[in-house]
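Welcome, and thanks for taking a look at this one with us. Here is a short briefing on a pocket and on some of the helix packing.

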Amino acid sequence: MSTLKRSRRAVLLGTLAALALGATACGSSSSNPLDGGSTAAAAGGGSGSTVVVGSANFPENVLLGSIYSQALKAKGVKVEEKFNIGSREVLYGQLQSGNLTVLPEYNGALLAYLDAKATAVTTQDVNAALTKTLPASLAILDSSPAEDKDSLSVTQETADKYGLKSISDLTAKAGEFTIGGQPEFKSRREQQFKDVYGLTFKEWKPTADTTANALKDGSIQVGNVFTTDPKIVQYKLVPLTDPKNVFGAQNITPLVNKAGVDATATAALNAVSVKLDTAGLTGLMKRVAIDKEDPSAVAKDWLKANGLG
């Protein structure tokens, strides 16, 4: 599975030529949907009144694109889908040109792409910075509570045994715990955890894509697992809250070309954001990534359950 992962993703999404990396496998198509390989979800194709919903080439973003697409259609909006496109460089350029109208974005990673020196970490501050930074033709709509971001996670057993709910709660036990994550996680975060939370871990292990498995088998006690990784559901892991914002906001947020969306489309997309949360998205991703269900069917079920389809 490939990732759009946050401490890494904020850099990767702005610099790589593809979004396929790490632990969430890519479902990219063999031909670029922008070259005519897309599927028209409703009559009208590329006419001026059609909202064109795009997505990056990894399963979570395709799922989100399908949720947006079907929510729009449920409100009578004419929609065309162009999923599995690829890198942010391509996506962002196509949105600016008007070839795409709507993208499911991650606000923190988008800000890092647009402004590598940005320091905002909270949802409110990130979105305020984006509003100032985006060109006049583009806009973000309402951010959802759902975030796909770094976390420090533990097993349910460990959380219950030591009363762990937030990263702050690790203070008394960090010296006895081994922490795992991507090889670069230690160099990027060790000092930050010391400075912000006063944490010094017993050992750092480069568990990479096996971090969730290492938590499950007990070879580590704390792991850098991303908050919509379906293994959180599969292995009953507990992402600890981050009250001091070591990990910046990564709220799923519609990015739109303003000329292509009217009040009806805007309201439909904002209604999705109101209902979409991290736990719910993680459950949906289990169905897509582990149970191998079709993203469009999973999206349809979610919209119906939330009164949006």
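What follows covers one pocket and three helix pairs.

Please keep in mind that this is a predicted model. Helix α11 makes a good starting point, as α11 gives the most to the lining of the second largest pocket and also meets α12 through residues such as Leu284. From there, α12 leads on to α2, since the two pack at an angle of about 50°. A separate stop is the pair α4 and α5, with axes 10 Å apart.

**The second largest pocket**

- The second largest pocket holds about 340 Å³ of space.
- Its lining is made up of 18 residues, and those closest to the centre of the pocket are Lys149, Thr227, Pro239, Leu240 and Thr278.
- Two elements give two or more residues to this lining: α9 (231–234) and α11 (278–290).
- The contribution of α11 is three residues, the most from any element.
- By class, the lining has eight nonpolar, six polar and four charged residues.

**α11 against α12**

- The axes of α11 and helix α12 (residues 295–305) come within 10 Å and cross at roughly 155°.
- An angle over 145 degrees counts as roughly antiparallel, so α11 is roughly antiparallel to α12.
- This crossing of α11 and α12 is right-handed.
- On the α11 side the contact involves Leu284, Arg287 and Val288, which meet Pro295, Val298, Asp301 and Trp302 of α12.
- The residues of this contact are five nonpolar and two charged, with no polar ones.

**α2 against α12**

- Helix α2 (residues 59–74) packs on α12 at an angle of about 50°, and their axes lie 8 Å apart.
- The two helices, α2 and α12, are therefore oblique to each other.
- Their crossing is right-handed.
- From α2, the residues in contact are Val62, Leu63, Ser66, Ile67, Gln70 and Ala71; from α12, they are Pro295, Ser296, Val298, Ala299, Lys300, Trp302 and Leu303.
- This contact of α2 with α12 counts nine nonpolar, three polar and one charged residues.
- Look out for Pro295, Val298 and Trp302 in α12: they meet α11, and they also meet α2.

**α4 against α5**

- Helix α4 (residues 107–114) and helix α5 (residues 123–133) have axes 10 Å apart and pack at an angle of about 40°.
- That angle makes α4 oblique to α5.
- The crossing of α4 and α5 is left-handed.
- In α4, Asn107, Gly108, Leu110, Leu111 and Leu114 take part, and they meet Thr123, Val126, Asn127, Ala129, Leu130 and Thr133 in α5.
- Six nonpolar and five polar residues make up the contact of α4 with α5, and no charged ones.

Conventions
Residues are numbered from 1 along each chain as its sequence is written. This is a predicted model: local features need pLDDT of at least 70, side-chain atom pairs count only at pLDDT 80 or more; totals for chains, interfaces and linings use all residues. Side-chain values use heavy atoms; hydrogens and water are left out. On a 1 Å grid over the protein atoms alone, a cavity is a set of points where a 1.4 Å probe fits but cannot get out, and a pocket is an open set with protein on both sides within 12 Å along at least five of seven lines; lining residues have an atom within 4 Å of a point. Grid points are joined across faces, edges and corners, and a volume is the space filled by probe spheres set on the points. Helices (H or I, at least four residues) and strands (E, at least two) are DSSP runs, numbered from the N terminus. Ala, Val, Leu, Ile, Met, Phe, Trp, Tyr, Cys and Pro count as nonpolar, Asp, Glu, Lys and Arg as charged, and the others, Gly among them, as polar. Axes are lines fitted to C-alpha atoms, for helices over the stretch in contact, and angles run from 0 to 180 degrees between N-to-C directions. Angles under 35 degrees count as roughly parallel, over 145 as roughly antiparallel, 65 to 115 as roughly perpendicular and the rest as oblique. A crossing is left-handed if the near helix is turned anticlockwise from the far one by less than a right angle, and right-handed if clockwise. Contact means heavy atoms within 4.5 Å.
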